[in-house]
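User: Please take a close look at one part of this model, namely the backbone and its pairing pattern. One connected account will do, with cut-offs given where a term needs them.

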Amino acid sequence: MKFFKIIIILNILLFLLGCDKNEGNIILEGNIVGFVNLVDEAGNEVEDKSGVNVTIEGLTSSANTNEDGRFELSNVPAGTYNIIYNKTGYGSYKRFSFQFIGGDIPAMTYETTLYEQPKIEIQSLDISFNDNIISITGNISETSKYTVQAFINDSSNVSNLNYDYASYKYSFCCIPTTQFSQSIYLSETPYHRGDEVYLVIYFINSNEEYGYYDYEKEKYVYSSYKKASSVINLVLE
Amino acid sequence: MVKKQITMKTFKINNIIIVFTFFILLLIIACEKDTEYEELSGQLIGYVTLYDSDRTKLSDNSGVEIIVEGSNPQLKTSTDENGQFVIDNLKSGIYNIILNKESYCQHKLVSYQFVGGNKPATIYQTALYSQSNLQIDSLKITDLESKYFVEFMVNAKVSNQNSTSYCRYYLSNKPDISFENYITTDIVYNFSGNKDISFYLQIDTLKYPIGSELYLIMYPASEKNQYYTDINTGNIIYTSININKPSKVANITIPEVETPWW
């Protein structure tokens with residue numbers, strides 16, 4: 001009887017092992033190739049496009065671009081992926097739902113462009129609330145082309161991905177200037193007189209016309225978003 | 001007593017054999033199912049339209065050779081009169097599909113992702129253009145001596161032209177310029193009967209710095225837009241040009257210009 005039991009266990013083991021091996025082969029693998037373009041603050045194409053890190057959300061696969069902006073992610077199993085492009089000083093871009101089958105020839109993704117984040121910094125910032133208008137005036141260190149956007153939330157962890165209200169994007173692209181100003185009417189926002197709100201300012205590269213829609217956070221995102229101010233507490237009185 | 005013991009043993013051994021066979025069978029069935037899934041395959045159908053040098057559709061679209069690069073063994077077929085081609089038993093995977101016909105411009109569909117399944121996948125309306133017969137006899141580039149901008153005039157003498165045709169020119173800062181190796185490119189038109197093509201060129205000094213050498217080459221083109229992306233370099237490769245009939249390479253030094261006051 002013992003021998004009988006051993007045979008059964010052996011059989012089960014054989015069964016599990018035998019089919020496990022095949023399950024690993026079900027999904028095809030392959031490489032994903034793509035090209036990344038870099039645009040600097042002035043709007044010019046950057047010659048050396050190396051050093052952009054490309055990763056796939058949920059996988060350990062990672063690749064860096066070469067001087068031509070080319071990357072190749074190796075041995076990626078078939079699937080639908082979000083591809084993240086990231087470079088210090090250029091922010092990050094996320095391509096959603098890239099469908100990949102795998103095979104002997106690499107798949108190609110559409111070209112992605114990353115825009116350099118504005119290098120300027122805010123030197124002084126004045127925010128006030130009068131006549132149901134939130135007025136923002138800021139000074140920056142040097143004349144430059146840039147775009148400004150303000151985000152407001154009723155919680156202090158306000159950011160470009162966490163807000164109730166996003167202001168219109170004010171572009172100072174054509175006449176470089178050291179000062180920016182913006183007015184937000186209370187009636188445009190979901191707030192009322194007496195509310196306590198938190199406000200933060202972001203810069204965007206003014207050459208970045210189109211960002212991308214983040215389907216998970218349900219927010220429209222620009223790759224060159226750069227936090228330009230600290231979070232400012234404001235009572236609307 | 002002794003006899004009975006022997007029969008018991010035989011019974012046990014028989015039992016063991018039955019159980020073992022049963023499991024082996026189960027294993028084969030289970031694993032076979034997986035193997036079937038692994039080799040998901042299907043049919044790929046495509047349509048190719050042929051255009052002659054006047055860019056009019058042909059009624060007979062047959063004889064285009066279709067090669068599925070990346071399939072092993074390599075699958076091949078050709079189009080019928082309607083331009084239809086059918087690839088059977090194509091395994092799930094990524095392929096380059098090459099379209100080839102003598103005296104037509106070769107085209108390539110790069111990194112085509114094929115899933116497979118019960119219904120055919122379809123590639124609609126791929127065009128193949130007849131190679132242009134235009135001959136570019138000479139190519140000249142001259143400086144317009146503009147004050148603030150780098151501006152050139154390009155003149156080409158052409159022959160063997162039977163209808164309104166296109167040319168595609170390429171610019172580079174290296175002498176080994178070709179349709180695969182360039183920095184910028186654009187299309188120019190030539191109207192029927194003209195023996196000269198001339199066009200104006202304004203140069204971006206960020207791409208071609210002052211003092212450097214600019215190289216120019218031109219190819220007869222059958223159409224404006226058809227291309228694929230080179231997976232190694234990322235270059236856009238325009239496919240409706242006649243790669244066998246390039247012009248000679250012309251070159252010029254980028255002149256110095258004044259920076260505009262504005």
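Analyst: Thr142(B) has Met153(B) as its bridge partner in S9(B). The model is predicted, so local features are restricted to pLDDT of at least 70 and side-chain atom pairs to pLDDT 80 or more, while totals for chains, interfaces and linings use all residues. Residue numbers start from 1 along each chain as its sequence is written, and chains are lettered from A, with ligands numbered from 1, in the order in which they are written.

The pair Thr142(B) and Met153(B) belongs with two strands of chain B, S8 (residues 135-143) and S9 (residues 150-159), which run antiparallel and are joined by 8 bridges. Strands here are DSSP runs of E with at least two residues, helices are runs of H or I with at least four, and both are numbered from the N terminus. Two strands count as paired if DSSP finds at least two bridges between them. S8(B) and S9(B) form a hairpin with 6 residues between the strands. In this hairpin Glu145(B) takes a positive phi near 55°.

A second antiparallel pair in chain B consists of S1 (residues 41-51) and S4(B), with 6 bridges between them. Ile45(B) stands opposite Val86(B), which is in S4(B). Both strands of this pair appear in an open sheet of 3 strands, ordered S4-S1-S7 in chain B, whose pairing is mixed. At the edges stand S4 (84-91) and S7 of chain B; each has a single partner strand, so one side of each lacks a neighbour in the sheet. Direction ignored, neighbouring strands of this sheet are turned by 25° against each other on average, with axes taken as lines fitted to C-alpha atoms (for helices over the stretch in contact) and angles between N-to-C directions running from 0 to 180 degrees.

The edge strand S7 of chain B (residues 121-129) contains Gln125(B). Although Gln125(B) is not a glycine, its phi is positive, about 45°. Gln125(B) counts as exposed because it has 9 C-beta neighbours inside 10 Å. The classes rest on other C-beta atoms within 10 Å of a residue's own, all placed from the backbone: 20 or more is buried, 12 or fewer exposed, and in between partly exposed.

Ser103(B) is another residue other than glycine with a positive phi, near 65°. Its setting is the loop between strand S5 (93-100) and strand S6 (107-114) of chain B. Ser103(B) is also exposed, because it has 9 C-beta neighbours inside 10 Å. As background, most residues other than glycine have a negative phi, and most peptide bonds are trans.

A peptide bond departs from that pattern in chain B: the one from Asn72(B) to Pro73(B) is cis, with omega near -5°. Pro73(B) is placed in the loop between strand S2 (65-69) and strand S3 (75-78) of chain B.

For the chain as a whole, chain B has 1 helix and 16 strands. Of its 262 residues, 28% are buried. Contacts between residues at least 6 apart in the sequence of chain B join residues at least 24 apart in 66% of cases, a contact being two C-beta atoms, placed from the backbone, within 7 Å.
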